[in-house]
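Please examine the protein model shown here, with attention to its confidence, its open and enclosed spaces, and one pair of strands.

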Amino acid sequence: MRARTHSVLAASVVLALAVGPLAAPAFAAPPATASRSADQDGPNEAALRAALSGLPNQHATAALVRVGTPDGHWHGSAGVRDLAGDRPARPDARFRAGSVTKVVTAATVLRLAAQDEIDLDAPVQGYLPDLFTSEFEQPISVRQLLNHTSGIKPGDGLGDDFAEVYAHRFETLTPQRVAASAIAKGPEGFTPGTRQQYRNINYTILGLLIEKVTGHSYASVATRLVLRPAGMHHTYFPGTDPRIRGPHNRGYQTVEQPDGTTKLLDVTEWNQADRWAAGDMISTTADLEKLLTELFRGKIVPQPELEEMFTTPAGVPGARRSAGLEYQEVDGKVFWGKSGSRYGYSALIGGTRDLSRTLVHSVNATDAKSAERNPVLDAITSAALK
């Protein structure tokens, strides 16, 4: 089957929305849908077109999708570039990848481990003695940071709700301050390695570790060890720059007004310095597809370090996260991947380990930090993974 590209474009619509609780969505299994016939091995193009139809709507203003199988690839885009006009969404757009950044951070640490610059079993307190206080008596290994079993509490942010963080969106909160605020709260109180808690702070500290052992900035090391080997030439780390450089589709967040009505607020420009190694990367769907395929093929992280990305911590109840990835089972197949979100943008990379099915998407979701399921994301995932 020949690789194909299909675009779906829709006109602007009136958006009437409601705000949900604020939380980062996980890499989740899709809801059940109709099955396909056994002789259909390539992407389900009809289902993918249907998933993108009608954009923009109340759930998303744009979507970019790439699905791969051994029998073909499908690339699609839908929606609009911005709500000020009806220009179609750019399929080559850059976007905020959110916590997909953690895949790059984990790969960077594992490459340094392969080069004997980092010992995964060594206590991070030994690498960063000036960060940790005496309250952290129990050693926390680098591996436990990677798989979210460290027991370190979350660091401070620039607010507790959307209105507060939006008001401070152009201010800089450094990763050093975030890490220091987390350590100041003391440990969670359980033995590191016995409980899994997904937290950005683990990867913020890994970013500090990368800088300590290499003597170079996190961005430069991650670019040299991961982005360039993967061929990700349109991906970068913005630092304190609130803009998305290059072509992009604007992001929006639905906000409830005092009178009970709602409006969409443009959240495209935002200083993401506090997210850093845990979630500030800007990328494209083509670049993230390269990251997924080159990583799974062992072209970025060598064996045996690559196994860390497909191994969850033993003896930890309910653990589904590894070093940088997490897994879900869908129709008997195991998919490994990572989702990420920043206000206005939801991203995901995922696939089977043998790359028999891959999915990369960027959706300009209007509820990107909500814990509620987004029907556009569900429809794309269902169409891609079935």
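The report below takes up these topics in turn.

**Basis and confidence**

This is a predicted model, in which local features need pLDDT of at least 70 and side-chain atom pairs count only at pLDDT 80 or more, whereas totals for chains, interfaces and linings use all residues. Residues are numbered from 1 along each chain as its sequence is written, and side-chain values use heavy atoms, with hydrogens and water left out.

The protein chain has a mean pLDDT (the predictor's confidence in each residue, from 0 to 100) of 90, and 89% of its residues reach 70 or more. Over residues 1–25, however, the pLDDT is below 50, although this stretch has 76 contacts (heavy atoms within 4.5 Å) beyond near neighbours in sequence. Residues 32–39 also stay under 50, with eight contacts beyond four places in sequence. Where pLDDT is low, the predicted coordinates should not be read in detail.

**Pocket and cavity**

On a 1 Å grid over the protein atoms alone, a cavity is a set of points where a 1.4 Å probe fits but cannot get out; a pocket is an open set with protein on both sides within 12 Å along at least five of seven lines, and lining residues have an atom within 4 Å of a point. A volume is the space filled by probe spheres set on the points, which are joined across faces, edges and corners.

| Space | Volume | Nonpolar lining residues | Polar | Charged |
|---|---|---|---|---|
| Largest pocket | about 850 Å³ | 13 | nine | nine |
| Largest cavity | about 40 Å³ | three | three | four |

In these classes Ala, Val, Leu, Ile, Met, Phe, Trp, Tyr, Cys and Pro are nonpolar, Asp, Glu, Lys and Arg are charged, and the others, Gly among them, are polar.

Of the 31 residues lining the largest pocket, Gly-157, Asn-200, Arg-275, Arg-342 and Lys-369 lie nearest its centre. Helices (H or I, at least four residues) and strands (E, at least two) are DSSP runs numbered from the N terminus. At least two lining residues come from each of α5 (162–167), α7 (200–214), α9 (276–279) and β9 (333–342); α7 gives the most, with three.

The whole structure holds one cavity of 30 Å³ or more. Among the residues lining the largest cavity are Lys-102, His-148, Arg-321 and Glu-326.

**The β5–β6 hairpin**

In strand β5 (residues 252–256), four of five residues are buried (under 20% relative accessible area, 1.4 Å probe, protein chains only). Five bridges join β5 to the antiparallel strand β6 (residues 262–266); pairing requires at least two DSSP bridges. Tyr-252 stands opposite Asp-266 in β6. Five residues separate the two strands of this hairpin, and Gly-260 in the turn has a positive phi of about 90°.

Note on methods:
Buried < 20%, exposed > 50% of the residue type's maximum accessible area, 1.4 Å probe, protein only.
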